[in-house]
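Student: Could you take one part of this model and walk me through it closely? I'd like a connected story rather than a list, and feel free to follow the packing wherever it leads.

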Amino acid sequence: LPSPDSDIDIVVFGYWPVLPLKSLERLLVDNGIAERDTVKVLDKAKVPIVKLVDRESLVKVDISFNAETGLSSVTLTEDFMRVYSPILEILVVVLKQFLLLRNLNEVFTGGISSYSLILMAVSFLQLHPRPNATGKDANLGVLLIEFFELYGRNFNYSNVGISVLSGGRYFDKNKFYEQMGEGFMPSLLCIQDPFDPQKDVSR
């Protein structure tokens, strides 16, 4: 779901005893692809990535390694786009811009990822109480306000998690986190990974 300020996600597949995050950082700078102050190595993230801004185009780029679920998530998103066309795409683009203007569009700075946002929007549409909410005559302005009401005022983040599997459902977040073991730090938002139901993609 591109917008004028969207980044490009690149997944590199291969085998390395240690992910070449620092080596890639040096190569990007030494070869003039990115300025040193625009390259960030997030080696502590759940999915380690190298973030950069291309020097010529000023496009933001995220590079990860062996993240197979990243490719699967693209296919899943495309499937949901077809099911909820054109509502889902328009809703997510507006929400992404809303988050961007408030600097809440990056996970590593306390924001939310595009993928988590898409799953929240899908869940919102799946479980919407009005049967005609996603029909061809749907009022997108009303849906946007209802999205904000759900996740901004009414949603029980302390106890409820989100799943888009099997038509969508809510689940007991605390029981979900019990399986994570000691030392696991739960997050406020909990979204079940469609490809690994034991994981939370919002972290």
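**Helix 2 and what lies beyond it**

Tutor: Let's start with helix 2, residues 68–83, keeping in mind that this is a predicted model. Helix 2 has 16 residues and runs 24 Å from first C-alpha to last, close to the 22 Å expected at 1.5 Å a residue. Its buried residues are Ser 73, Leu 76, Thr 77, Phe 80 and Met 81. Looking down the axis of helix 2, you find these buried residues within an arc of 140°, so they line one face of the helix. That fits the usual geometry: an α-helix has 3.6 residues a turn, so residues three or four places apart point the same way. On the other side of helix 2, Glu 68 and Arg 82 are exposed.

What do the buried residues of helix 2 pack against? Their partners are helix 3 and helix 4. Take Ser 73, which sits in helix 2. Ser 73 has a relative accessible area of 12% and is buried, because the cut-off for that is under 20%. Leaving out residues up to four places away in sequence, Ser 73 touches Tyr 115 and Phe 195.

Now hop over to helix 4, which spans residues 114–126. Ser 116 is part of helix 4, and with a relative accessible area of 1%, Ser 116 is buried. Setting aside neighbours within four places in sequence, Ser 116 is in contact with Ile 191, Val 201 and Ser 202. Asp 196 makes a useful contrast: it belongs to strand 8, residues 196–200, and at 26% relative accessibility it counts as partly exposed.

Helix 5 comes next. Its 15 residues should span 21 Å at 1.5 Å a residue, and the end C-alpha atoms are 20 Å apart, which agrees. Buried in helix 5 are Leu 143, Glu 146, Phe 147, Leu 150 and Tyr 151. These cover an arc of only 110° around the axis, which puts them on the same side of helix 5. Gly 152 and Arg 153 are exposed on the face turned away from that buried side. As for partners, the buried residues of helix 5 pack against helix 3, helix 4, strand 5 and strand 6. So helix 3 and helix 4 turn up here as well as in the packing of helix 2.

All this brings us to the second largest pocket, with a volume of about 510 Å³. Helix 3 (87–101), helix 4 and helix 5 (140–154) each supply at least two residues of its lining, and helix 5 gives the largest share, four residues. There are 19 lining residues, and those nearest the centre of the pocket are Gly 111, Ile 112, Met 120, Tyr 157 and Leu 189. By class, the lining has 13 nonpolar, five polar and one charged residues.

Let's finish on Tyr 157, one of those central lining residues. Tyr 157 sits in the loop between helix 5 and strand 5 (160–163). Not counting residues up to four places away in sequence, Tyr 157 touches Tyr 151, Lys 173, Leu 188 and Leu 189. Two of those contacts tie back to what we've just seen: Tyr 151 is among the buried residues of helix 5, and Leu 189 is also one of the lining residues nearest the centre of the pocket.

Methods:
Residues are numbered from 1 along each chain as its sequence is written. This is a predicted model: local features need pLDDT of at least 70, side-chain atom pairs count only at pLDDT 80 or more; totals for chains, interfaces and linings use all residues. Side-chain values use heavy atoms; hydrogens and water are left out. On a 1 Å grid over the protein atoms alone, a cavity is a set of points where a 1.4 Å probe fits but cannot get out, and a pocket is an open set with protein on both sides within 12 Å along at least five of seven lines; lining residues have an atom within 4 Å of a point. Grid points are joined across faces, edges and corners, and a volume is the space filled by probe spheres set on the points. Ala, Val, Leu, Ile, Met, Phe, Trp, Tyr, Cys and Pro count as nonpolar, Asp, Glu, Lys and Arg as charged, and the others, Gly among them, as polar. The expected span of a helix is 1.5 Å times one less than its number of residues. Buried means under 20% relative accessible area, exposed over 50%, partly exposed in between (1.4 Å probe, protein chains only). The arc is that of the directions from the helix axis to the C-beta atoms. Contact means heavy atoms within 4.5 Å.
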